[in-house]
Amino acid sequence: MTLTAKQRLRAWILEHGRRIDDAELGDDTPLLERRILSSLQIADLLLFLEELRGKPVELEGLTGAAFRDLGAMARAFLPTEPVAEAA
Amino acid sequence: MTVTTLSAVAARLTDASVRAAVATEPLAWPAALADDAWCMSPELVSLYGTPAWDALDDGGRRRLAFFECVNFFTLNIHGERALMEGIARRLYARDLADHAHYLHHFLAEENQHMTWFGGFCQRYAGKLYPDRKLVLPREHAPGEEDVLFFARALIFELLVDTFNRRMANDDRLHPLVREINRRHHEDESRHLAFGRLLVEDLWRRHAPRWNPATRAAIPAYLAAYLTASWKEYYNPDVYKDAGIADPIRVAREAFAAAAPRARRADLEARCVRVLRELDLWPTETES
Ligand SMILES: [Fe+2]
Ligand SMILES: [Fe+2]
């Protein structure tokens with residue numbers, strides 16, 4: 001089955017971020033505070049998000065708040081998924 | 001490096017800045033650039049030596065080179081803007097108060113550079129490319145933020161200057177592009193002389209008081225910063241403007257390809273050598 005945009009984003013974080021296992025990464029895991037993601041990865045991450053969205057991200061006025069955790073990123077950048085993600 | 005020497009160098013550079021400012025004529029801006037003008041040396045175009053480059057005809061390559069030049073000038077603007085913000089904030093800070101006079105010249109010069117780069121991008125491309133960098137706030141040891149700020153500036157300026165020097169000497173390029181590169185290189189020689197001594201001074205002075213983990217993390221961070229800086233030279237927005245399909249994938253593949261890797265190693269050699277001389281580059285065991 002195909003992954004949703006949010007699942008692909010989660011997989012990207014697991015692959016590129018530091019010090020986190022699959023089971024530990026939730027919607028509200030603080031990615032910047034725990035330094036799982038660093039400033040230097042934001043540009044790569046933005047390009048990946050642009051690919052997922054299929055359109056550019058509005059960069060002006062963007063702050064770290066949009067990258068705080070997986071949930072925040074999905075709300076800021078990804079289209080709402082039609083299927084509810086139960087369990 | 002003692003503070004006295006740094007001060008003496010800053011005083012000498014201030015005199016040189018004053019002389020350069022008096023001697024500089026305003027740039028001559030043509031109303032338009034000829035379609036077939038090279039604006040970036042082909043060998044410095046990010047895609048050079050990749051299948052995406054081979055697939056372009058001569059006109060397509062020149063068009064790509066134009067947008068690469070706009071990206072290169074844009075990167076200068078984003079870098080200089082961050083530099084000006086950081087310097088302005090530190091102007092009369094204790095560590096830098098002795099050099100405030102030179103820093104005023106430094107700021108004036110960076111501001112002028114932005115008028116050249118911005119003038120080119122706005123006139124001929126009608127835009128700048130957006131900045132995808134974001135510096136997220138975090139805790140620092142005393143002096144660490146200054147060391148990182150000036151070391152990042154040094155990396156940025158060393159990399160840019162390598163491009164400037166090559167393009168200033170490339171007679172295939174449009175004369176305006178050559179002249180902007182030449183003038184920038186001239187001013188940046190002073191910034192680099194000062195920046196290198198300043199980084200050395202701050203690093204030697206502050207690092208001994210940090211815990212070993214903080215100290216050890218700096219070279220690794222700077223190496224990662226250099227890689228992140230390089231990625232900005234592979235801008236999908238450029239490829240899109242040049243009419244290349246699937247630009248994000250092209251950027252990723254070009255960055256990983258053999259020819260661009262070898263080219264980066266050559267272009268960054270001076271930067272790596274300087275960082276190594278300052279003990280700011282990871283040793284073999286760390287990398
Ligand atoms: Fe500059
Ligand atoms: Fe500079």
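**Figure 1. Chain A and its sequence-distant contacts.** In this predicted model, let us start with how chain A holds together: among its contacts between residues at least 6 apart in sequence, 54% join residues at least 24 apart. The chain has 3 helices and 0 strands, giving the pattern α-α-α when read along the sequence. Its radius of gyration is 12 Å, close to the 12 Å from the globule rule for 87 residues, so chain A is as compact as a globular protein of that length. A box of roughly 30 × 30 × 20 Å along the principal axes is filled by the C-alpha atoms of chain A.

**Figure 2. The surface and charges of chain A.** Of the 87 residues here, 43% count as buried. Chain A exposes about 5200 Å², and carbon and sulfur atoms supply 50% of that area. If you are thinking about electrostatics, chain A carries 11 positive and 15 negative charges, whose mean positions are 3 Å apart.

**Figure 3. The helices of chain B.** Now over to chain B, which has 11 helices and 0 strands. For chain B, the radius of gyration is 19 Å, close to the 19 Å that the globule rule gives for 287 residues, so the chain is as compact as a globular protein of that length. Its C-alpha atoms fill a box of roughly 55 × 50 × 30 Å, taken along the principal axes. Of the contacts in chain B with a separation of 6 or more, 82% are accounted for by residues 24 or more positions apart.

**Figure 4. The surface and charges of chain B.** Buried residues make up 55% of the 287 residues in chain B. The accessible surface comes to about 13100 Å², and 54% of it belongs to carbon and sulfur atoms. There are 37 positive and 41 negative side chains in chain B, and the centres of these two sets lie 2 Å apart.

**Figure 5. The site of the iron ion (ligand 1).** Which residues hold this ion? Its coordination comes from B:Glu80 (OE), B:Glu110 (OE), B:His113 (ND1), B:His184 (NE2) and B:Glu188 (OE), at 2.1 to 2.3 Å. Along the chain, these donors follow the spacing E-x29-E-x2-H-x70-H-x3-E. One pair among them links distant parts of the chain: B:His113 sits in helix α4 of chain B and B:His184 in helix α6 (residues 175–206) of chain B, 71 residues apart. B:His113 is buried, with a relative accessible area of 0%, and B:His184 also counts as buried, at 1% relative accessibility.

**Figure 6. The site of the iron ion (ligand 2).** Here the protein donors are B:Glu110 (OE), B:Glu157 (OE), B:Glu188 (OE), B:Glu188 (OE) and B:His191 (ND1), and they lie 1.9 to 2.3 Å from the ion. Their spacing along the chain reads E-x46-E-x30-E-x2-H. Distant parts of the chain meet at this site too, with B:Glu110 in helix α4 (residues 100–125) of chain B and B:Glu157 in helix α5 (residues 144–168) of chain B, 47 residues apart. Both B:Glu110 and B:Glu157 are buried.

**Figure 7. The two iron ions together.** How many ångströms separate the iron ion (ligand 1) and the iron ion (ligand 2)? They are 3.4 Å apart, and B:Glu110 coordinates both. B:Glu188 is likewise listed as a donor for the iron ion (ligand 1) and for the iron ion (ligand 2).

Technical notes
Residues numbered from 1 in each chain as written. Chains lettered and ligands numbered in written order. Predicted model: local features only at pLDDT ≥ 70, side-chain atom pairs only at ≥ 80, totals over all residues. Heavy atoms only, no water. Donors = N, O, S within 2.8 Å, 3.2 Å for Na, K, Ca; no water. Helix = DSSP H or I, 4+ residues; strand = E, 2+ residues; numbered from the N terminus. Buried < 20%, exposed > 50% of the residue type's maximum accessible area, 1.4 Å probe, protein only. Rg over C-alpha atoms; globule rule 2.2 N^0.38 Å. Contact = heavy atoms within 4.5 Å. Areas by Shrake-Rupley, 256 points an atom, 1.4 Å probe, with all protein chains shown as cover. Lys, Arg positive; Asp, Glu negative; His and termini not counted. Charge placed at Lys NZ, Arg CZ, Asp CG, Glu CD.
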